[in-house]
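This report concerns the cysteines and one helix pair of the structure shown below.

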Amino acid sequence: MSLKGEQSRERLLRATKALVMKKGFAGTSVDDILKETGVSKGAFFHHFKSKADLADQLMRWYAEGDIRMFRTILAQAEAAQDDPMEQLMRFLTDFEAYLCDPESPPKGCMYALYTYEDDHFENDLKGFVAETLQSWTAMYIRKFQEVIDRHPPVRRVTAKQLAEMFVAVIEGGLILQRAYDTPGMAARQSEQFRAYLELLFDWPAQDAA
C-alpha cells in the first residue's frame, strides 16, 4: 500500500475508534464514519470490504498499538532498573502516567466493547480478542514470576493470579472511568494495586531490614 493509502486507512481507523468508543460498534454506521472523515464511500470500500472487515482490521490495529505500548514501557523499566521489583514498580508508575496523559486520555477499552458486542463479530475475531488479552496477561506473568523468585511474598500467590488481577483492575478501572466520566480512575486503581504489591512483598522494608 502507498504511503498516501496507508495514511487514509489510518485516518479511517482512528475516526472509527473514536466513534465506536462513543456509540459502540453496532451503533456506528459506515455513513457515520464517512461524515466524520469526509472520505468517499468508494475510498472507504477500497480499504475495507465491509463493516465486518472494518471491525476485524480495527481490532487488530488497536491491539497491535496496545501491546506495543505495554512492551515499550516494560522494556524501558527493565533497562532503567536491575531488580525485578523495581522494574515492576517503574512500569506501573509509567503506565499510570500514560493513563493520565492529558493529551490523549483513554476513553475506554476496545476489548470490553468488543466483548459485550461479540454477537456482531465472527468467531475468529472473538478468538483474536481472547488471544490478545492472554498475550497481555502472559507478559505480566513473566514479570511477576521474576519478582516472586527474587522476593518471596508474605502469603502464597502465583504469578498468574497477580497478572490476571492486574488486567482485571485496569479493565474494571477503565469501565468505571467511562461510566463516571472521571479521568484518572483507572490510574488510581493501578496505584491501589501497586500499594497491595508493596504489602504483599513487604517492599521495600524486607531489603532494608
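## Cysteines

At 6% relative accessibility, Cys109 is classed as buried, being under the 20% cut-off. The model is a predicted one. Cys100, with a relative accessible area of 42%, is instead partly exposed.

Why is the sulfur of Cys109 not in a bond with the closest cysteine sulfur? The closest cysteine sulfur to that of Cys109 belongs to Cys100 and lies 16 Å away, which is too far for a bond. The relation holds from the other side as well: for the sulfur of Cys100, the closest cysteine sulfur is that of Cys109, at 16 Å. Because a disulfide requires two cysteine sulfur atoms within 2.5 Å, the count of disulfides is 0.

## Packing of H5 and H9

Two packed helices are described by the angle between their axes together with the distance between those axes. Helix H5 spans residues 84-99 and helix H9 spans residues 185-200; their axes are 9 Å apart and meet at an angle of about 165 degrees. H5 is therefore roughly antiparallel to H9, since angles over 145 degrees fall in that class. The crossing of H5 past H9 is left-handed.

## Residues in the contact

On the H5 side, the contact is made by Met85, Leu88, Met89, Leu92, Thr93, Glu96 and Leu99. H9 contributes Ala186, Ala187, Ser190, Glu191, Phe193, Arg194, Leu197 and Glu198. Sorted by class, the contact of H5 with H9 comprises 9 nonpolar, 2 polar and 4 charged residues.

Notes:
Residues are numbered from 1 along each chain as its sequence is written. This is a predicted model: local features need pLDDT of at least 70, side-chain atom pairs count only at pLDDT 80 or more; totals for chains, interfaces and linings use all residues. Side-chain values use heavy atoms; hydrogens and water are left out. Buried means under 20% relative accessible area, exposed over 50%, partly exposed in between (1.4 Å probe, protein chains only). Axes are lines fitted to C-alpha atoms, for helices over the stretch in contact, and angles run from 0 to 180 degrees between N-to-C directions. Helices (H or I, at least four residues) and strands (E, at least two) are DSSP runs, numbered from the N terminus. Angles under 35 degrees count as roughly parallel, over 145 as roughly antiparallel, 65 to 115 as roughly perpendicular and the rest as oblique. A crossing is left-handed if the near helix is turned anticlockwise from the far one by less than a right angle, and right-handed if clockwise. Contact means heavy atoms within 4.5 Å. Ala, Val, Leu, Ile, Met, Phe, Trp, Tyr, Cys and Pro count as nonpolar, Asp, Glu, Lys and Arg as charged, and the others, Gly among them, as polar.
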